[in-house]
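Trainee: I should like to examine one part of this structure closely, beginning with a single pair of residues and moving outward from there. Would you please guide me through it?

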Amino acid sequence: MSAAGKGTLSSTGNRAELLALLKQELGKNGSLSKTVLTSLADKTGLPLNEIYGVSTFYAYLPVAAAGKNIIRVCGCLPCDLKDAQGVIGSIKKELGIEPGQTTADARFSLEQVGCIGACDQAPAMMINDTVYGNLTPAKIAEILKSFK
Amino acid sequence: MANVRLSIDGKSIKVRDGTTILEAAEACGITIPTFCHIKGLLPTGVCRVCVVEVKGSKTLMGACHTPVAEGMIVSTHTPRVVAARKVIVELMLTGHTGDCVNDTNAENCVLHNLASDYQVGAPRFNVKAPRFYPAEESNPYVRRDLSKCVLCRKCVKACHEIARKDVLSVGYRGFKSKVVTGFDEALNTEACRDCGICIEHCPTGAMSAAPGFKARKGGAVR
């Protein structure tokens, strides 16, 4: 048997449960800090870089210090065609942050993510676990106000 | 284990079941270019330079990770294959933002040699923001210049499978993908010592011996 098909590249430690554990830690701590990931590395026997790599791959596993409310604006094609950039522009104006940043009062983090599965309501965004669809730049201020 | 008969570039060959197309081609003296593959280690198939045409398959297949099958008819250098390889090399060059013009070691860059073999010139693709990372010189053994990195994952594989250190992983996604250490920190001595296996396997010079380390001669103190 040659090298083909002999397990995965990173088969050390308990990789199968990593995503579930990360989700659990996220629920407990709100974001995945270095301390959280380091303790997870000890627990699973996986190297920290591997856990960091997995966490940064997923938009829903915020590694950087995240704000209290995380705004995820869909940046995929249907939303983009329906002016997702206008929506992002309106959020930027409202909060004064770029995608990938958190407001100074740590109330909001803004992220542009891949499809959130709400193409029928394009352009759409999520704030925490709630989906907001059929957005227009004008609607943003009011939605954000409800989180203040 | 059963044997499989297949044909590569018109040559009929019998190999053991489970052999990859690349290994079978090597066995009958046919060279298929590779880039991300390390002989003897698990294939990742990320670079696609080794693609070949398999009769009956709609798409080109990666030779380094496709196992042979009975009656397979493989062509390794058809115009379609060569055209695909050219674009693949061009795409990799697009993400390779090193100072290769001034680099005295550029002839060691596997990517540049591939570009020269396949007559690929300056990439024609526009890049929104070039992948640029400041060179890391904090490690006395390894100098990392991630701008030159084309994410072939050879260092990740070598560190995991040969050195068994697991210091390197791929983090982020898409254009932002990057080889990370720890919590995306500098490759410090705590995490990585002088094994140098990643340096040996890096095809682009993104990981190289630190200048001081290279100059050291004379061996250990007796």
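Mentor: Let us begin with Arg72(A), whose bridge partner in E2(A) is Glu111(A). The model before us is a predicted one. The strands concerned are E1 of chain A, residues 69-74, and E2(A), which pair in the parallel sense over 6 bridges. Strand E2 of chain A spans residues 108-113 and is mostly covered, with 5 of its 6 residues buried. As a general point, side chains in a regular strand alternate between the two faces of the sheet.

We may now turn from this pairing to the partner chain. Chain A offers 18 residues that are in contact with 26 residues of chain B. On the side of chain B that touches chain A, at least two residues each are supplied by helix H4 (154-161), strand E7 (168-171) and strand E8 (178-181) of chain B. The largest share, 4 residues, comes from E7(B). Sorted by class, this side of chain B holds 11 polar, 10 nonpolar and 5 charged residues.

Chain B also has a contact within itself. Its division gives domain 1, residues 3-77, and domain 2, residues 88-215. Taken over C-alpha atoms, the centres of these two domains of chain B are separated by 27 Å. Domain 1 of chain B brings 11 residues to the contact, and domain 2 of chain B brings 13 residues. On the side of domain 1 of chain B that touches domain 2 of chain B, 9 residues are nonpolar, 1 is polar and 1 is charged.

Technical notes
Residues numbered from 1 in each chain as written. Chains lettered and ligands numbered in written order. Predicted model: local features only at pLDDT ≥ 70, side-chain atom pairs only at ≥ 80, totals over all residues. Contact = placed C-beta atoms within 7 Å. Nonpolar A, V, L, I, M, F, W, Y, C, P; charged D, E, K, R; others polar. Domains from an automatic or database assignment. Buried ≥ 20, exposed ≤ 12 C-beta atoms within 10 Å, placed from the backbone. Pairing = 2+ DSSP bridges.
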